[in-house]
Amino acid sequence: MVVVRMNQQRRQLSGMLEWIECTLAAHRSEVCTVQSLGFTRLPQYFSAATLAAAKTVVIPTIPVPPLTMMGLSEFADFERMAPDGITYLDTFFVRTPYARDESLHFHELIHVAQWDHLGPERFLTAYAAGHMQSGGYRQNPLEIMAYQLQAAFDLRSPPFDVVARVKRELDALHPFG
Ligand SMILES: [Zn+2]
C-alpha cells in the first residue's frame, strides 16, 4: 500500500514537472529578466546575479497546473485561487495589473530562491506537504516565509541578504534537511 502511494506521488511529481516545463517553453519568447525591469528597491535586497537570473512573464491570466486532473483533489482550492503571481523554477508569472508592483516581484523572488535552494522535486513535495498539513495556502510554511519577508520589504526595513535568509530558514524547517 505504501509502495503504491509512493509510486502515485512519483507520477504526480513528474507530471507536475512536465507541465511546468511545457508551460515555460510555451512562454519562452515573452520572458524578460527581473533586472531588466529597472526596479529601484529590489537591488538593495537581491544581488545583481540573482536579478539577472530570475525571469518573469506578464500575462492576463496566470497559468495554474490542472492539479485536480492530476489526482490532487486536495488542491482544488489552490486551482480556483486565480493568483496575481506564481513561480515555477526560476521564472514567475505576474498578472498584467501587477507588472510594476515591486512588492509582488519581491514575493515571487522569495519563491525563486526556495525553488533554487530545495531543487524542483523537494520544493514541490515541501509545498504540497505544507499545503495539506497546514490546511491552506496562507498557512503553508513556504508562503508564511514569503509573506513575512515581503512584509519586511513593504515596511522598508533595512536591506538584508534575502537569499541567504531564505536558505537559513529553509534549512531550519523540517523535514527538508
Ligand atoms: Zn507565494
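This report walks through the zinc site, one helix and a set of paired strands in a predicted model.

## Ground rules

Numbering starts from 1 along each chain as its sequence is written. Because the model is predicted, local features need pLDDT of at least 70 and side-chain atom pairs count only at pLDDT 80 or more, while totals for chains, interfaces and linings use all residues, and side-chain values rest on heavy atoms, with hydrogens and water left out.

## The zinc site

Let's begin with the metal. The zinc ion takes its protein donors from H107 (NE2), H111 (NE2) and E143, the last listed with OE twice, at 2.1 to 2.7 Å. Donors here are N, O and S atoms within 2.8 Å of the metal (3.2 Å for Na, K and Ca), and since water is not among the atoms, sites may look incomplete. Along the chain, the donors are spaced H-x3-H-x31-E.

The angles among the four donor atoms run from 53 to 155 degrees, and the site is irregular. For four donors, tetrahedral would need all angles between 85 and 135 degrees; square planar (four) or octahedral (six) would need opposite donors over 155 degrees apart and all others between 65 and 115; anything else is irregular.

Why are H107 and H111 separated by about one helical turn? They sit four residues apart in helix α5 (residues 102–118). Helices are DSSP runs of H or I with at least four residues, strands are E runs of at least two, and both are numbered from the N terminus. H107 is buried at 3% relative accessible area, and H111 is buried at 5%. Buried means under 20% relative accessible area, exposed over 50%, and partly exposed in between (1.4 Å probe, protein chains only).

## Helix α8

Helix α8 (residues 162–172) has V162, V163, V166 and L170 buried. These residues are on the same side of α8 because they cover an arc of only 95 degrees around the axis, taken from the directions from the helix axis to the C-beta atoms. Facing away from that buried side are the exposed residues R168, D171 and A172.

The cover over the buried residues includes α2 (42–45), α3 (48–53), α5 and α7 (141–154), with contact meaning heavy atoms within 4.5 Å.

## Strands around β4

Strand β4 (residues 91–95) has four of its five residues buried. It pairs in the parallel sense with β2 (residues 55–59) over five bridges, with I59 opposite R95. Pairing requires at least two DSSP bridges between two strands.

β3 (residues 85–88) runs antiparallel to β4, joined by four bridges, and I86 stands opposite F93. β3 and β4 make a hairpin with two residues between them, and L89 in the turn has a positive phi of about 55 degrees.
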